Amino acid sequence: MSATPVPQALILAGGQATRMRPYTDDAPKAMVPVAGAPIVGYQLVWLAQHGITSVTISGGYKHEMISDYVGDGARFGLKDVRYAIEAEPLGRGGGLKFAARHLPEPDSPFYVLNGDVISSFSLTAFADYHEENHGAVTVALSPYRSNWGVADLVDGNRIRGFRQSPELPYWINAGIYVFNPDVVPMLPDLGDHEDSTFPELARDGRLVGYRLSGYWRGIDTVKDVIEASREVRATGGLLPPELHTTPPEN
């Protein structure tokens, strides 16, 4: 694997995630366990595997649980972990802008991860694509999977069978990005960058999409936790056992 040109990343982990209750009654979303390990643990190992040495974590709600688990990042293979703690909720865009000021190399590109995604695609290929296509922000895109089963019809109204949660011919924002540093001043101080900054970049032709290949799962509901846990176990696990907080289920 070639060396990645993007050595730093930022994880947005400040939200309360009310839709994830009861998991988030006593823990931030990034600490929700999937197959016995917190979401943030999967993210940090994945980043370290692809040459990222420094990670800044944007925290707010119950952020102490994240810092207690992550520490200085050494056991994940990282050289440096920084914490940008919001005094009050700033929204994803505001939290991103605030946390970007804590990056060790503020004038260099950086990865951004929403705190509720687990993935295993090549970040090196992602960074190379970003550089080759000269965008200000490159957005990882995942195939859209239906939340429901789909009926296969023949002869107009005869049901031949059902396909459970098939992939549809659309691409969705996977919550993983490469940012150029000149975008940071464009971010809102309060609110969501997807409502302001991204539309502006799209109008200017500076927002690039990258169709990822490899495992990806957004974890936004209790159902997602259950399904992601099953998928991670099926892969043989994406984390070393010592990084689990609870024993993996049989």
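**Exercise 1. The chain as a whole**

Of the 250 residues of the chain, what percentage count as buried? Work this out for the predicted model, and then describe its helices, strands and exposed area.

*Solution.* Begin with burial: 48% of the 250 residues count as buried. Next, go through the secondary structure, where six helices and 13 strands are found in the chain. Then turn to the surface, of which the chain exposes about 12200 Å², with carbon and sulfur atoms supplying 51% of that area. Finally, consider the contacts between residues at least 6 apart in sequence, of which 74% join residues at least 24 apart.

**Exercise 2. The sheet and its helices**

Find the order of the seven strands in the open sheet, and say which strands lie at its edges.

*Solution.* Following the pairing from strand to strand gives the order E5-E4-E1-E6-E11-E8-E12, and the pairing is mixed. The edge strands are E5 (80–85) and E12 (207–211), each of which pairs on one side only. Neighbouring strands in this sheet are turned by 30° against each other on average, with direction ignored.

Now look at one pair in detail: strand E4 (residues 54–59) runs parallel to E5, and six bridges join the two. Within this pairing, serine 58 has alanine 84 in E5 as its bridge partner. Helix H2 (residues 63–70) packs on the sheet, where it touches E1 (8–13), E4 and E5, and its direction makes about 175° with that of E5. Helix H3 (residues 91–100) also packs on the sheet, touching E1, E4, E5, E6 (110–114) and E11 (167–179), while its direction makes about 140° with that of E1.

**Exercise 3. A covered helix and an exposed side chain**

Decide how many of the 11 residues of helix H1 are buried, and whether phenylalanine 162 is buried or exposed.

*Solution.* Helix H1 (residues 39–49) is mostly covered, since 10 of its 11 residues are buried; among them are Ile39, Tyr42, Trp46 and Leu47. Just after H1, glycine 51 takes a positive phi of about 90°.

For phenylalanine 162, first locate the residue in strand E10 (residues 158–163). The cut-off for an exposed residue is over 50% relative accessible area, so phenylalanine 162, at 62% relative accessibility, counts as exposed. Together with Leu153 and Ile159, Phe162 makes a nonpolar surface patch of about 350 Å².

**Exercise 4. Salt bridges of lysine 29**

Which aspartate forms a salt bridge with lysine 29 at 2.8 Å between the closest N and O atoms, and which one does so at 3.0 Å?

*Solution.* Recall that side chains of opposite charge can pair when their charged atoms come close. The 2.8 Å partner is aspartate 116, which lies in the loop between E6 and E7 (117–119), whereas lysine 29 lies in the loop between E1 and E2 (33–34), 87 residues apart. The 3.0 Å partner is aspartate 220, in the loop between E13 (216–218) and helix H6 (222–234), 191 residues from lysine 29.

As a last step, compare accessibility with the cut-off for burial, which is under 20%. Lysine 29 is buried because its relative accessible area is 12%, and aspartate 116 is buried too. Aspartate 220, at 23%, counts as partly exposed. A search of the whole structure finds 12 salt bridges, and a network of them links Arg217, Lys223, Asp224, Glu227 and Glu231.

Key:
Residues are numbered from 1 along each chain as its sequence is written. This is a predicted model: local features need pLDDT of at least 70, side-chain atom pairs count only at pLDDT 80 or more; totals for chains, interfaces and linings use all residues. Side-chain values use heavy atoms; hydrogens and water are left out. Two strands pair if DSSP finds at least two bridges between them. Helices (H or I, at least four residues) and strands (E, at least two) are DSSP runs, numbered from the N terminus. Axes are lines fitted to C-alpha atoms, for helices over the stretch in contact, and angles run from 0 to 180 degrees between N-to-C directions. Contact means heavy atoms within 4.5 Å. Buried means under 20% relative accessible area, exposed over 50%, partly exposed in between (1.4 Å probe, protein chains only). Accessible areas come from the Shrake-Rupley method with a 1.4 Å probe; for residues, only the protein chains shown count as cover. Patches are made of residues with over 30% relative accessible area and no salt bridge: like charges are joined within 9 Å, nonpolar side chains (Val, Leu, Ile, Met, Phe, Trp, Tyr) within 5 Å. A salt bridge is a side-chain nitrogen of Lys or Arg within 4 Å of a carboxyl oxygen of Asp or Glu.
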